[in-house]
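Biologist: I would ask for a close look at a single part of this model, set within the chain as a whole. Please choose one strand and follow its partners outwards.

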Amino acid sequence: MKEVFGIPVRVYIEDTDAGGIVYYVNYFKYMERARTELLRSLGYDKPAMPEQGLLLVVHSAEIQYRRSAILDDALRATATIGKLGRAAVTFEQKIWRGNELICEGVVKVACVADDSRRPCALPEPIYSALKAVI
């Protein structure tokens, strides 16, 4: 079974539209926070590795909305590693309100060279740390 990492997220007024419903793009922000905190929990606190000339960038993202979150909801954003390659990692992500799944997505993050933005291999320590939580 894959390890699921999650963080709490509270819906603030700045996250909502005029009707008090979470604006669609903010679910991506919640997912970004979960991925960032997953990496932080593994000892990597930045999406960039300047000393190695590398960046982690979103390659692609897919999302499905099931229910609306509203102002002041207490949510949980989760991230699970779906697929790990040498130059990219695919995260399976969900947003929960209690036991209710309200949103899910798949986000592929690639490792690229800072100067050329061309794909390159994940550094071995990061690759090994990610592999350990699959």
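**One strand and its partners**

Modeller: The chain holds two helices and six strands; both kinds of element are DSSP runs, helices being H or I over at least four residues and strands E over at least two, numbered from the N terminus. Along the sequence their order is β-α-β-β-β-β-β-α. The radius of gyration is 16 Å, close to the 14 Å that the globule rule gives for 134 residues, so the chain is as compact as a globular protein of that length. That radius is taken over C-alpha atoms, and the rule is 2.2 Å times the number of residues to the power 0.38.

This is a predicted model, in which local features need pLDDT of at least 70 and side-chain atom pairs count only at pLDDT 80 or more, whereas totals for chains, interfaces and linings use all residues. Residues are numbered from 1 along each chain as its sequence is written, and side-chain values use heavy atoms, with hydrogens and water left out.

The part I have chosen is strand β6, which spans residues 100-113. Ten of the 14 residues of β6 are buried, so that the strand is mostly covered. Buried here means under 20% relative accessible area, exposed means over 50%, and partly exposed lies in between, with a 1.4 Å probe and protein chains only. For the chain as a whole, 40% of the 134 residues count as buried.

On one side of the pairing pattern, β6 runs antiparallel to β5, and ten bridges join the two strands; strands count as paired if DSSP finds at least two bridges between them. Phe91 has Val107 of β6 as its bridge partner, and Arg97 stands opposite Glu100 in β6. β5 and β6 form a hairpin with two residues between them. In that turn, Gly98 has a positive phi of about 65°.

β6 also pairs with strand β3 (residues 54-65), in the antiparallel sense and over eleven bridges. Within this pairing, Ser60 has Lys108 of β6 as its bridge partner.

The pattern continues from β5 to β4. Strand β4 (residues 74-84) and strand β5 (residues 88-97) are antiparallel over eight bridges, and a hairpin of three residues joins them. Here Ala77 is matched with Ile95 of β5.

A helix residue also touches β6. Arg35 belongs to helix α1 (residues 26-41). Despite its charge class, counted as positive along with Lys, Arg35 is buried, because its relative accessibility is 6%. Apart from neighbours within four places in sequence, Arg35 is in contact with Val58, Ala79, Phe91, Gln93, Val107 and Val109, a contact being heavy atoms within 4.5 Å. Phe91 and Val107, both in that list, are also the bridge partners named above. Such links across the sequence recur in the chain: among contacts between residues at least 6 apart in sequence, 67% join residues at least 24 apart.

Two loops bring in residues with an unusual backbone angle. Most residues other than glycine have a negative phi. Asp72, in the loop between β3 and β4, has a positive phi near 75°. With a relative accessible area of 51%, Asp72 counts as exposed. After β6, the loop leading to α2 holds Arg117, whose phi is also positive, at about 60°.

Beyond that loop, helix α2 (residues 124-132) contains Ser128. Ser128 is partly exposed, because its relative accessibility is 35%. From Ser128 to Ala18 the C-alpha distance is 45 Å, across 110 residues of sequence.

Some overall values complete the setting. The C-alpha atoms fill a box of roughly 45 × 35 × 25 Å along the principal axes. The accessible surface is about 7700 Å², with 54% belonging to carbon and sulfur atoms; the Shrake-Rupley method with a 1.4 Å probe gives such areas. To return to the chosen strand, β6 is thus paired with β5 over ten bridges and with β3 over eleven.
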